[in-house]
Amino acid sequence: MAGPLAILFWTRNFLVVAVAVFLVAGSCACRRGSNRNTNANASASSSAGESAADKSNREAQALVDQGKEFYKNDQDDQAAQAFQQAIRLSPDLAEAHLRLGMAYAALDKKTEAEEEYKKAAELYRKRVQSDPKDAEGFFNLGLAHSLMHQDEEATRAFRQATRLKPDDEEAFYQLGMSEARLAHYPEAVAAFQKALELDPDDYRATDALETAQEGAKRIKEGKKHAEEMLKKQQENANANGNANSNTKPAQKRNPSKPW
């Protein structure tokens with residue numbers, strides 16, 4: 001009987017262990033499924049929490065990024081189409097208008113480009129008014145004005161961008177370019193030098209610095225020449241005045257009039 005009893009005892013213990021393992025496995029499976037459902041619900045809740053405007057803005061920005069790649073690869077038609085789609089999704093996306101203007105300019109559509117630059121400038125102006133510390137907003141505002149050849153406005157915007165973000169090499173380069181177009185060569189030289197401090201390998205800034213230095217030299221020499229000419233004119237005028245005074249004939253006395 002010992003044999004059968006031992007077998008019965010072993011069988012009962014095996015069943016208990018098996019049931020316990022089954023319950024634990026089932027519990028883990030339930031928790032894993034519960035976690036999966038929780039994550040799915042959280043994801044669905046997150047998606048539901050995104051507003052239609054946020055979704056449009058996100059999709060529009062993705063189109064802008066796509067258009068920028070087209071533009072870099074000289075696929076200007078495709079770039080313009082991507083920017084147009086972005087504007088349809090988010091009409092107030094300033095970067096989309098700015099980039100569309102650049103694409104139009106590459107396609108030699110000057111009138112359309114000008115209109116997009118104006119829209120971009122208006123939108124960026126509103127943006128920096130609402131957030132005066134928006135360095136990127138000021139930079140792009142300057143770029144919009146620069147593309148419209150409004151160099152004084154561009155200079156002000158770029159200068160503010162460099163104040164807000166002193167390590168922005170591109171902002172200093174663009175500031176130097178706008179200053180140079182205004183023939184503010186000493187200011188341009190300072191901006192290009194700062195750009196090269198931040199990025200010594202920027203060949204654009206190196207070339208522009210040399211040009212600005214030559215312009216500053218011409219201005220200095222021209223000013224010196226003008227001062228020398230003015231000084232000579234004054235000396236000649238004084239010499240002629242003295243000569244006329246010395247050679248002036250003596251006035252004859254009229255006998256009929258008393259002294």
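These legends accompany close-up views of a predicted model.

**View 1. The whole chain is built from helices.**
The predicted chain holds 10 helices and zero strands. Read from the N terminus, its elements run α-α-α-α-α-α-α-α-α-α. The chain has 259 residues, and buried residues make up 29% of them. Its accessible surface comes to about 17,700 Å². Carbon and sulfur atoms supply 54% of that surface. Among contacts with a separation of 6 or more, 44% join residues 24 or more positions apart.

**View 2. Helix 4 packs against helix 5.**
Helix 4 covers residues 94-106, and helix 5 covers residues 110-130. How do the two axes meet? They come within 8 Å and cross at roughly 160°. Angles over 145 degrees count as roughly antiparallel, so helix 4 and helix 5 are roughly antiparallel to each other. The crossing of helix 4 past helix 5 is left-handed.

**View 3. Side by side at the contact of helix 4 with helix 5.**
Helix 4 brings A94, E95, H97, L98, L100, G101, M102, Y104 and A105 to this contact. Helix 5 answers with E112, A113, E116, Y117, K119, A120, L123 and Y124. By class, the contact has 11 nonpolar, two polar and four charged residues. The nonpolar residues include L98, L100 and M102 of helix 4. Among the charged ones are E112, E116 and K119 of helix 5.

**View 4. D108 sits in the loop that links helix 4 and helix 5.**
The loop between helix 4 (94-106) and helix 5 (110-130) contains D108. D108 is not a glycine, yet its phi is positive, at about 65°. Is D108 buried or exposed? Its relative accessibility is 56%. The cut-off for exposed is over 50%, so D108 counts as exposed.

**View 5. D74 sits in the loop between helix 2 and helix 3.**
Helix 2 (52-72) and helix 3 (76-89) flank the loop that holds D74. Phi of D74 is near 60°. That value is positive, in a residue other than glycine. D74 has a relative accessible area of 63%, so it is exposed.

**View 6. Q66 of helix 2 and its spacing to A79.**
Q66 is found in helix 2. Q66 has a relative accessible area of 41% and is partly exposed. A79 lies 13 residues from Q66 in sequence. In space, the two are 7.5 Å apart, C-alpha to C-alpha.

**View 7. Helix 7 packs against helix 8.**
Helix 7 spans residues 151-164, and helix 8 spans residues 169-181. Their axes lie 9 Å apart, and the packing angle is about 150°. Why are the two helices called roughly antiparallel? Angles over 145 degrees fall in that class, and helix 7 and helix 8 are therefore roughly antiparallel to each other. Helix 7 passes helix 8 in a left-handed crossing.

**View 8. Residues at the contact of helix 7 with helix 8.**
From helix 7 come D151, A154, T155, F158, R159, A161 and T162. They meet A171, F172, Q174, L175, S178, E179 and R181 in helix 8. Six of the residues in this contact are nonpolar, four are polar and four are charged. F158 of helix 7 and F172 of helix 8 are among the nonpolar residues. The charged ones include D151 and R159 of helix 7.

**View 9. D151 of helix 7 is buried.**
D151 has its place in helix 7. The limit for buried is under 20%. D151 has a relative accessible area of 13%, so it is buried. Which residues does D151 touch, leaving aside neighbours within four places in sequence? S178, R181 and L182 are in contact with it. L175 is 24 residues from D151 along the chain, and their C-alpha atoms are separated by 9.5 Å.

**View 10. E179 of helix 8 is buried too.**
E179 has its place in helix 8. E179 has a relative accessible area of 4%, so it is buried. Neighbours within four places in sequence aside, E179 is in contact with T155, R159, H184, E187 and A188. Of these, T155 and R159 belong to helix 7.

Key. Residues numbered from 1 in each chain as written. Predicted model: local features only at pLDDT ≥ 70, side-chain atom pairs only at ≥ 80, totals over all residues. Heavy atoms only, no water. Axes fitted to C-alpha atoms, helices over the stretch in contact; angles between N-to-C directions. Helix = DSSP H or I, 4+ residues; strand = E, 2+ residues; numbered from the N terminus. Parallel < 35°, antiparallel > 145°, perpendicular 65-115°, else oblique. Left-handed = near helix turned anticlockwise from the far one by under 90°. Contact = heavy atoms within 4.5 Å. Buried < 20%, exposed > 50% of the residue type's maximum accessible area, 1.4 Å probe, protein only. Areas by Shrake-Rupley, 256 points an atom, 1.4 Å probe, with all protein chains shown as cover.
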